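Here are a few exercises to help you find your way around. Have a look at the sequence and the 3D view, then try each task before reading its solution.

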Amino acid sequence: MTWVWTNRDLIVGLTAQHLLLALPSIVLSLLLAVPLARLTLRAPAARRLLLGTSSVLYAIPSLALFVVLPGVLGTGILDPLNVLVALTLYAMALMVRTASEAFAAIEPDVLLSATAQGHGRWQRFVAVELPQAGPAILAGLRVVSASTLSLVSVGALIGVQSLGTLFTEGYARGFLLEIAVGIVATVLLAVALDLLILGIGRATMPWAGIVQRAGAVA
Amino acid sequence: MIEFDHVSKHYDDGTLAVDDFSLTVPSHSCTVLLGSSGCGKTTLLRMVNRMVDPTAGRVLIDGEDVASLEPVALRRRIGYVMQHAGLLPHRTIVDNVATVPRLRGRRGPDERRRALELMELVGLPASMARRYPSQLSGGQQQRVGVARALAADPNILLMDEPFGAVDPVVRQELQQELLRIQSELAKTIIFVTHDVDEAVLLGDEVLVLGEGARVEQRGAGADILLEPVNDFVREFVGGTRRRLHVEHRDGVPTVVDAAGAITGRLVEQ
């Protein structure tokens with residue numbers, strides 16, 4: 001435990017770097033995936049292409065992507081941007097499918113009735129479709145958040161600093177405590193972010209629980 | 001007043017949903033379009049608020065061609081009730097009722113009070129204002145649907161089988177409520193249904209529609225029941241079920257239809 005205390009600056013710093021890579025990827029994936037999913041919803045060919053590409057993308061090993069991206073992006077091999085872009089792509093691959101299915105699952109009657117009451121396209125999207133798809137998108141975001149936080153660590157293998165650095169260093173030095181600290185810190189981060197997302201969901205979508213409970217009874 | 005002036009609706013796949021249909025719906029009256037599913041009655045209804053545009057002909061509201069009106073603005077001044085209420089599941093009842101005022105950017109204590117008044121008008125207790133649609137029964141949801149349609153105080157109400165998905169007892173309640181509301185508010189209503197009894201009860205005028213929204217018969221509900229003009233209408237309004245005679249069973253005068261099924265008992269008025 002003395003090791004943890006004497007290295008607290010290192011651990012806090014790596015945690016911050018971990019978050020700095022994960023958070024923008026998670027947020028970006030949401031901001032890109034939701035419009036893409038919605039825009040392709042009524043265009044079957046485009047939707048198939050989008051979902052197909054996502055599946056293929058997700059199948060590419062992360063380490064390979066980290067190594068290939070500098071060539072594609074023109075970035076340096078140690079540039080954290082590579083990791084950020086790769087993480088965003090993976091997160092999007094998950095998010096796009098979730099969002100697309102969430103929009104597709106909205107009751108047609110609700111959409112029809114919203115149109116009949118005089119919602120314009122944009123109003124219908126903001127006031128009806130987003131709130132309807134919201135709970136499912138939020139559930140997807142929780143998966144993406146957990147998976148992204150764990151994927152960040154792989155970047156340590158190509159020298160991009162994160163909590164994963166504690167694994168690579170601990171492994172190289174045969175120092176189990178350091179690896180354990182890395183694992184615990186990653187899990188704590190994942191739980192904290194999950195609770196945060198859940199809290200945001202509860203605050204912005206108070207109806208979600210009620211609708212689910214009613215659905216369970218019906 | 002709503003006028004359908006020789007409207008037709010062709011779809012690209014070749015189906016002819018509506019074939020040269022004309023009708024004048026007088027203001028403050030309830031006109032029922034009665035027909036089986038697929039006869040084009042819903043298509044006609046949706047031509048009024050431009051959810052469907054006719055491929056030929058015009059629809060006029062008070063002499064104004066709806067094709068010249070902006071669809072979203074048009075829909076906000078026409079009440080629309082559909083079979084499954086289509087309430088917004090994520091909004092409370094009072095907010096659902098106030099949908100159209102909200103769309104017009106008006107939300108405040110006045111709108112809220114007006115929404116509560118409308119809930120009272122359709123027979124919903126104010127205690128339901130803060131509930132969500134999933135916490136209401138089907139019949140209650142339909143009441144909310146009617147209140148929502150009335151929220152912008154529209155002159156016109158379009159009702160697409162609004163009571164088709166609730167059980168018979170609740171349906172009769174809702175029909176009576178509609179009659180009461182109509183006697184107070186006197187809206188111009190187009191009401192679509194496949195239920196003959198409902199059409200006769202609610203319609204100042206009833207149109208029996210065949211394929212492609214061809215008008216098989218139009219007139220007062222009683223005339224359609226008693227004097228069907230052709231076999232199609234005769235069968236549609238019930239066929240053998242409407243041809244009744246009295247038999248004495250165990251000394252009791254019993255009403256029996258042409259197929260021999262008992263429909264009721266003859267009683268002294």
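**Exercise 1.** How many bridges join strand 11 of chain B to strand 12 of chain B, and do these strands run parallel or antiparallel?

*Solution.* Before you start, note that this is a predicted model, where local features need pLDDT of at least 70, side-chain atom pairs count only at pLDDT 80 or more, and totals for chains, interfaces and linings use all residues. Residues are numbered from 1 along each chain as its sequence is written, chains are lettered from A and ligands numbered from 1 in the order in which they are written, and side-chain values use heavy atoms, leaving out hydrogens and water.

Step 1: find the strands, which are DSSP runs of E with at least two residues, numbered from the N terminus (helices are runs of H or I with at least four). Strand 11 of chain B covers residues 244–249 and strand 12 of chain B covers residues 252–257.

Step 2: check the pairing, which takes at least two DSSP bridges between two strands. Here there are six bridges, and the strands run antiparallel. Opposite Leu244(B) you'll find Asp257(B).

Step 3: look at the turn. The hairpin has two residues between its strands, and Asp250(B) takes a positive phi near 50 degrees.

**Exercise 2.** Follow strand 12 of chain B onward to its pairing with strand 13 of chain B.

*Solution.* Step 1: strand 13 of chain B (residues 262–265) pairs with strand 12 of chain B in the antiparallel sense, over three bridges. Thr254(B) has Arg265(B) as its bridge partner.

Step 2: four residues lie between the two strands of this hairpin, and Gly260(B) in the turn has a positive phi of about 95 degrees.

**Exercise 3.** Describe the hairpin made by strand 9 of chain B and strand 10 of chain B.

*Solution.* Step 1: four bridges join strand 9 (residues 205–209) of chain B to strand 10 (residues 215–219) of chain B, and the two run antiparallel. Val208(B) is matched with Gln217(B) as its bridge partner.

Step 2: between these strands sit five residues, with Gly212(B) in the turn at a positive phi of about 65 degrees.

**Exercise 4.** What does chain A contain, helices or strands?

*Solution.* Step 1: count them up: chain A has ten helices and zero strands.

Step 2: picture the extent. Along the principal axes, the C-alpha atoms of chain A fill a box of roughly 65 × 40 × 25 Å.

**Exercise 5.** How many residues does each chain bring to the contact between chain B and chain A?

*Solution.* Step 1: with contact meaning heavy atoms within 4.5 Å, chain B brings 23 residues and chain A brings 20 residues.

Step 2: take the buried area (the accessible area, with a 1.4 Å probe, that two parts lose on being put together, summed over both). Between chain B and chain A that's about 1900 Å², with carbon and sulfur atoms giving 63%. On the chain B side, His90(B), Leu103(B) and Tyr132(B) lose the most area to chain A, together 27% of what that side buries.

Step 3: look for salt bridges (a side-chain nitrogen of Lys or Arg within 4 Å of a carboxyl oxygen of Asp or Glu). Across this interface of chain B and chain A, the rule finds zero.
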